[in-house]
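Open the model in your viewer and keep the selection tool at hand. The tour moves stop by stop, with a note on what to select and what is there.

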Amino acid sequence: MPVNSTHPLYQAAVDGWRRNRDAVKGQAAIKAGGELYLPKPNAEDESAANTARYERYLERALWYAAPERTKASLIGSVFRKGPEKQELVPQIEYLLEDADGTGTSLEQVCKEVVGEQLEAGRIGVLVDYPASEPGASAEDVERSGARAMFATYAAENILNWRVAKVGNRHRLVMVVLQEFAEDGDDEFAKEVVKQYRVLRLSEGRYTQTVYDESFDLVGSVIEPKKSDGTAWGEIPFVIIGSETNRADVDAAPLTHLCNHAIAYWQTSADHRENLFVHGQLTLGISSDLSVEDWQAANPNGVKVGAPTGVFLGPAGSFHTASAPESTSLSKALQDLREEMAELGAQIIRKSGQAETAEAARIEASAESSVLSNVVGNASEGIEQCLEWAALFMGGDPVKVLFELNTEFFDETLDPQTRTVMLNELDRGIISKRDYRRALRKADFIDADRTDEEIDEDVADQGPALGAIGA
């Protein structure tokens, strides 16, 4: 089998990935999909007239931008605050500003990860280190400024994989990644070519090989090493999914919403076609004029409107008729909008719906359960990548901690609640640390300010207002 052979799970999922991608991109991508998303009426009619009618039918369709807005809102909910935990060893702190070698920050990589989990259900992250020249010393490598970097791979570019039991754990032992590289000597026009990077774990040693579009080996086999020169006993590549971080293909959380949006697209096309057809008047004319006399009396044909006149002859008459609009399509569009809102187009609660704070919290908990799982998997996967980067760079992976924000909505503290908490603080039921933690969650105190820093500020500011003159 060729190197670009795909996994059976890949083959089953790739059409759904494209559907979700186009729905999230919006109207331009959906319209470009043509009959894939909007079947042609009378498809067996291949006449030019029917083709022209379909183009007008496609043009009138209206896209409801729920998928792209929902994805942006969900990502915004996760990154409304910084990570809950972020402890990096000094050797990999550069990743905060440049995680992929192109100036993309670690936060931006995390946003890409969460977005891909929502849209496609998975994304791969490879932690890689530039290959050194044969015979280069450790000092040479250090002087070259080589650093471990993250490389992300969309679901469509993780072509194949194999998992096997290594020791007492199931590990990836083979992954085939599709990449796109620039080729050609022209300074202004570069040709983009495909290549395939194969990651293997064989006899306890991790290697990489790269193949070109003709499936020929490019260069030699690469065997990355840790900072201490030892071989890797695992592939530093993680698949971060929406449900688990196993290699299996997970369902994308936005799939149902995308399907509903496409159904709305199709229904809107029918609805607007219905409005166009039934909004036109049908004119009926009767006259005792002969065809020749009619043409002579009305050389420019029949025009409808107040400024125009038509000669019908002494016994002529006309009447107009129009069909009533169908309301079933309007109702269907309304139902689809409401269903999309329930599927996540509006976070926490529907716009304008009055709710108590407790009801909002309960609903938010239910709505965000999928997002919580997505964020938990992303945190776990990114932390693993940071640990691998530490091993490449000579840092202690045990000291690495990373966890994204899971407070997706404001934890408001109303005055009554704060009064109760202050009374509990005075009575010794809760500690000052507990009270400050609640204030941080409600954004009354900056999340990155420690208790020690607050205590120092309080000591430096002098006596409290109520203590003046006491």
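**Stop 1: the five-stranded sheet.** Select E4 to E8, an open sheet in the order E4-E5-E6-E7-E8 with antiparallel pairing. Strands here are DSSP runs of E with at least two residues, helices are runs of H or I with at least four, and both are numbered from the N terminus. Two strands pair if DSSP finds at least two bridges between them. Strand E4 (158-166) and strand E8 (217-222) stand at the edges; each has a single partner strand, so one side of each is left without a neighbour in the sheet. Direction ignored, neighbouring strands of this sheet are turned by 20 degrees against each other on average. Axes are lines fitted to C-alpha atoms, for helices over the stretch in contact, and angles run from 0 to 180 degrees between N-to-C directions. Now pick E4 and strand E5 (residues 169-183): they pair in the antiparallel sense over 8 bridges. Asn 160 has Val 176 in E5 as its bridge partner.

**Before moving on.** This is a predicted model: local features need pLDDT of at least 70 and side-chain atom pairs count only at pLDDT 80 or more, while totals for chains, interfaces and linings use all residues. Residues are numbered from 1 along each chain as its sequence is written, and side-chain values use heavy atoms, with hydrogens and water left out.

**Stop 2: the three-stranded sheet.** Select E3, E2 and E9. They form an open sheet in the order E3-E2-E9, with antiparallel pairing. Strand E3 (149-154) and E9 are the edges, each with a single partner strand, so one side of each lacks a neighbour in the sheet. The average turn between neighbouring strands of this sheet is 25 degrees, direction ignored. Strand E2 (residues 122-128) and E9 pair over 5 bridges. Check two of the partners in E9: Gly 241 for Arg 122, and Ile 240 for Ile 123.

Next add helix H5 (residues 106-120), which packs on the sheet and touches E2, E3 and E9. The direction of H5 makes about 145 degrees with that of E2. Then add H11, which lies across E2, E3 and E9 and runs at about 170 degrees to E9.

**Stop 3: strand E9.** How many residues of strand E9 (residues 237-241) are buried? The count is 5 of the 5, so E9 is largely enclosed by the rest of the structure. Buried means under 20% relative accessible area, exposed over 50%, and partly exposed in between (1.4 Å probe, protein chains only). Phe 237, Ile 239 and Gly 241 are on one side, Val 238 and Ile 240 on the other.

**Stop 4: the cores.** A nonpolar core is a set of buried Ala, Val, Leu, Ile, Met, Phe, Trp, Tyr and Cys residues joined through side-chain atoms within 4.5 Å. The largest has 88 residues; Ile 92, Phe 150, Phe 237 and Leu 386 have the most contacts inside it. Helix H11 (residues 369-393) gives the most to this core, with 11 residues. A second, separate core of 7 residues includes Met 421, Ile 430, Ala 438 and Ile 445.

**Stop 5: H13 and H14.** Helix H13 (residues 432-441) and helix H14 (residues 451-460) pack at about 100 degrees, with axes 11 Å apart. They are therefore roughly perpendicular (65 to 115 degrees). Show Lys 432, Arg 433, Arg 436 and Arg 440 in H13: they meet Asp 451, Ile 454 and Asp 455 in H14. Contact means heavy atoms within 4.5 Å.

How values were computed. Angles under 35 degrees count as roughly parallel, over 145 as roughly antiparallel, 65 to 115 as roughly perpendicular and the rest as oblique.
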